[in-house]
Amino acid sequence: MDAFCLAAFLNGNTAAAAQRTLREGGLPAVMMPTPRGLTRACGLSLRFSPQNAAAIRNALRLLPAEACRFYRASEANGQRVFSPLGEQSPDSGAVLRGRTADTPTVSNSQTDSKRSKTADVY
């Protein structure tokens, strides 16, 4: 699996506005369903390349911190794992299967009882 990043949004209007902002700035991102492990999100996320992460975060910097959370998806032990991307305010973090975003990682393919998992943040 190739690593990718995503921005998860609290509501669909913010997701659509972010996609429009990125398109106007020439930054490639694809709308996708938010992975189940990121439960605080509205269900829409933008997927983008790790190489574009800094430019995309900069383009979306005017969004309220609680409106958008950034993650990096990678593979660990054959499982897809989502880690918070860079500095984010812990009081506005997404709930990751019962834990706040200060828990660094959640696996998207384990059973609900084993969903939360700790790993290094990139």
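## Close-ups of a predicted chain

The chain has a mean pLDDT of 74, and 67% of its residues reach 70 or more; pLDDT is the predictor's confidence in each residue, from 0 to 100. This is a predicted model, so local features need pLDDT of at least 70 and side-chain atom pairs count only at pLDDT 80 or more, while totals for chains, interfaces and linings use all residues. Residues are numbered from 1 along each chain as its sequence is written, and side-chain values use heavy atoms, with hydrogens and water left out.

**View 1. The whole chain, with 2 helices and 6 strands.** Here helices (H or I, at least four residues) and strands (E, at least two) are DSSP runs, numbered from the N terminus. Going along the sequence, the pattern reads β-α-β-β-α-β-β-β. Of the 122 residues, 38% count as buried, where buried means under 20% relative accessible area, exposed over 50%, and partly exposed in between (1.4 Å probe, protein chains only). The accessible surface comes to about 6,500 Å², and carbon and sulfur atoms hold 48% of that; the areas come from the Shrake-Rupley method with a 1.4 Å probe, and for residues only the protein chains shown count as cover. Among contacts with a separation of 6 or more, 62% are between residues 24 or more positions apart, a contact being heavy atoms within 4.5 Å.

**View 2. Where to trust the model: strand E3 has the highest confidence and strand E6 the lowest.** Strand E3 (residues 44–48) has a mean pLDDT of 95, whereas strand E6 (residues 106–107) gets a mean of 42. Over residues 89–122, pLDDT stays under 50, and for this stretch the model has 83 contacts beyond four places in sequence.

**View 3. An aromatic pair, with a charge over one ring.** The chain has 1 aromatic pair, by a rule that takes rings of Phe, Tyr and Trp (its six-membered ring) with centres within 6.5 Å, and calls planes under 30 degrees apart stacked, over 60 edge-to-face and the rest tilted. The partners are phenylalanine 4 and phenylalanine 82: their ring centres are 6.3 Å apart and their planes are at 75°, so the pair is edge-to-face. Phenylalanine 4 lies in strand E1 (residues 4–9) and phenylalanine 82 in strand E5 (residues 79–84), so the pair ties together parts 78 residues apart in sequence. How buried are the two? Phenylalanine 4 has a relative accessible area of 3%, which makes it buried, and phenylalanine 82, at 0%, also counts as buried. Arginine 47 joins in as well, with its charged end over the ring of phenylalanine 4, 3.7 Å from the centre; for that label, NZ of Lys or CZ of Arg must be within 6 Å of the ring centre and within 35 degrees of the ring normal.

**View 4. Leucine 6, a buried residue of strand E1.** Its relative accessibility is 0%. Beyond its neighbours within four places in sequence, leucine 6 is in contact with a list of residues including Met32, Leu38, Leu46, Phe70 and Phe82. Serine 45 is also on that list, and the C-alpha atoms of leucine 6 and serine 45 are separated by 6.3 Å, although the two are 39 residues apart along the chain. Follow the contact to phenylalanine 70 and you land in strand E4 (residues 68–76), on a residue that is buried at 8% relative accessible area.

**View 5. Threonine 34 meets serine 45.** The side chains of threonine 34 and serine 45 are joined by a polar contact of 2.7 Å; that term covers a pair of N or O atoms within 3.5 Å where, within protein, one must be able to donate a hydrogen and the other to accept it, and residues adjacent in sequence count only if both atoms are side-chain atoms. Threonine 34 sits in the loop between strand E2 (30–33) and E3, and at 13% relative accessible area it is buried. Leucine 44, in strand E3, touches threonine 34 too, along with others including Ala7, Phe9 and Met32. With a relative accessible area of 33%, leucine 44 is partly exposed.

**View 6. Asparagine 77, in the loop between E4 and E5.** Phi of asparagine 77 is near 55°, a positive value in a residue other than glycine. Asparagine 77 counts as exposed, at 73% relative accessibility.
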